[in-house]
Amino acid sequence: MRLILSNPRGFCAGVRMAIDVVDQVLELFPNETIYVYHEIVHNKHVVGRFERRNVKFIDQLSEATTGAIIVFSAHGVSPAVRAEAVQRGLRAIDATCPLVTKVHSEAIRYARQGYQILLVGHKNHQEIVGTAGEAPEATQVVEHPDNIPFLLIKDPNRLVYLTQTTLSTDDAKIVIDALKAAFPAIKEPPSSDICYATTNRQIAVRQIAPECDLVLVVGSANSSNSVRLTEISRNVGTPAYLLDDASEVDLSWFPTGNETVLVTAGASAPEDLVAELCKMLLTKFGGQIEQRDIFDEDEYFAVPGTLRRMMIARDIDPETRKVNIHKAEITHDLYGAVPLTISASATNSGINSQSTNN
Ligand code: SF4
């Protein structure tokens with residue numbers, strides 16, 4: 001079997017920061033119950049590992065004890081939730097990804113300028129609920145072009161569209177093109193709201209999947225960007241499966257055992273699960289891993305100011321406690337001595353091509 005391992009894959013900077021926040025809070029306050037509002041990131045293993053360390057994930061702030069620490073997840077919350085946390089006397093630490101916060105800021109700014117906001121995304125996704133909550137009177141969610149005839153538009157010359165950060169770039173284009181056709185004067189966000197991590201992982205799949213028999217995406221079913229990776233693969237004609245871990249592999253996916261398989265992971269999926277999947281497939285079918293470098297990501301988001309101030313109050317220098325969750329890499333600890341080559345994409349020449357074997 002030939003396993004092509006996509007680079008980039010797995011944890012993005014926002015997810016690394018959010019997970020690190022909970023890790024740091026657990027260390028700083030070992031005797032307190034730590035609450036997290038919704039899943040810190042959309043991955044069942046990440047959540048399960050924190051639950052085993054007694055972190056409580058709640059969907060209502062009323063479930064938290066007065067005065068407790070509450071961490072807001074990477075997907076962001078509305079101002080109403082932030083206000084309720086204050087009113088309940090909770091100590092809030094906001095682990096919202098800065099790229100989600102950017103979209104919140106755009107919503108606030110455009111609403112203040114008198115624009116109606118057409119927010120492209122999945123209506124019930126926590127990120128969309130949070131962003132829409134910044135300017136509820138000015139915002140309408142658009143999931144599909146079919147929604148456009150039902151929008152209540154006051155002035156077609158005072159419209160702007162914004163998007164969820166984790167959409168499929170293919171699907172978003174269809175909705176945005178339909179909005180532009182219906183409202184030619186609609187304003188665009190200053191830069192794409194679909195984040196770098198979503199975009200990069202999708203470009204990698206679009207580029208590599210056509211040479212593969214199938215694509216395996218490690219991620220949870222409620223992870224928007226993970227699901228989108230399977231859709232991108234199917235759009236280019238390659239079957240794709242989403243799986244939480246190696247235990248969900250169905251051997252009937254590999255009728256010959258000689259398949260070429262692209263392995264990637266959503267932005268909230270831990271690398272150890274990817275490694276377990278690769279090792280399981282190699283043990284079963286033999287073969288080798290080829291890491292394909294499409295983009296080398298080096299984004300880094302610092303932990304929030306609230307947490308830094310909590311550290312300083314305890315005489316801890318925040319500079320010594322920088323985010324310590326690493327991006328996905330093939331390490332000997334995780335992968336062991338697998339047969340491995342690493343190659344750069346011909347179209348992304350910023351990465352050095354090399355061949356190695358650990
Ligand atoms: S997927 Fe994008 S928006 Fe979401 S946490 Fe990661 S970097 Fe931030």
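**Three strands, two helices and a ligand shell**

Trainee: At about what angle to E6 does helix H6, residues 169–182, run?
Mentor: This is a predicted model in which local features need pLDDT of at least 70 and side-chain atom pairs pLDDT 80 or more, whereas totals for chains, interfaces and linings use all residues. Residues are numbered from 1 along each chain as its sequence is written. Helix H6 lies across E6, E7 and E8 (helices are DSSP H or I runs of at least four residues, strands E runs of at least two, numbered from the N terminus; contacts are backbone-placed C-beta atoms within 7 Å). Between N-to-C directions of axes fitted to C-alpha atoms, for helices over the stretch in contact, on a scale from 0 to 180 degrees, its angle to E6 is about 150°.

Trainee: Which strands form the edges of the sheet?
Mentor: The open sheet has parallel pairing (at least two DSSP bridges per pair) and the order E7-E6-E8. Each edge strand pairs on one side only; they are E7 (139–142) and E8 (159–163).

Trainee: Which residue in E8 stands opposite glutamine 116?
Mentor: Strand E6, residues 116–120, runs parallel to E8, joined by five bridges. Opposite glutamine 116 in E8 stands leucine 159.

Trainee: Which helix gives the most residues to the shell around the ligand?
Mentor: The shell comprises 15 residues (backbone-placed C-beta within 6 Å), with Cys12, Gly14, Cys97, Thr165 and Cys195 nearest. At least two residues each come from H1 (13–28), H4 and H7 (196–208). The greatest contribution, three residues, is that of H1.

Technical notes
Contact = placed C-beta atoms within 7 Å.
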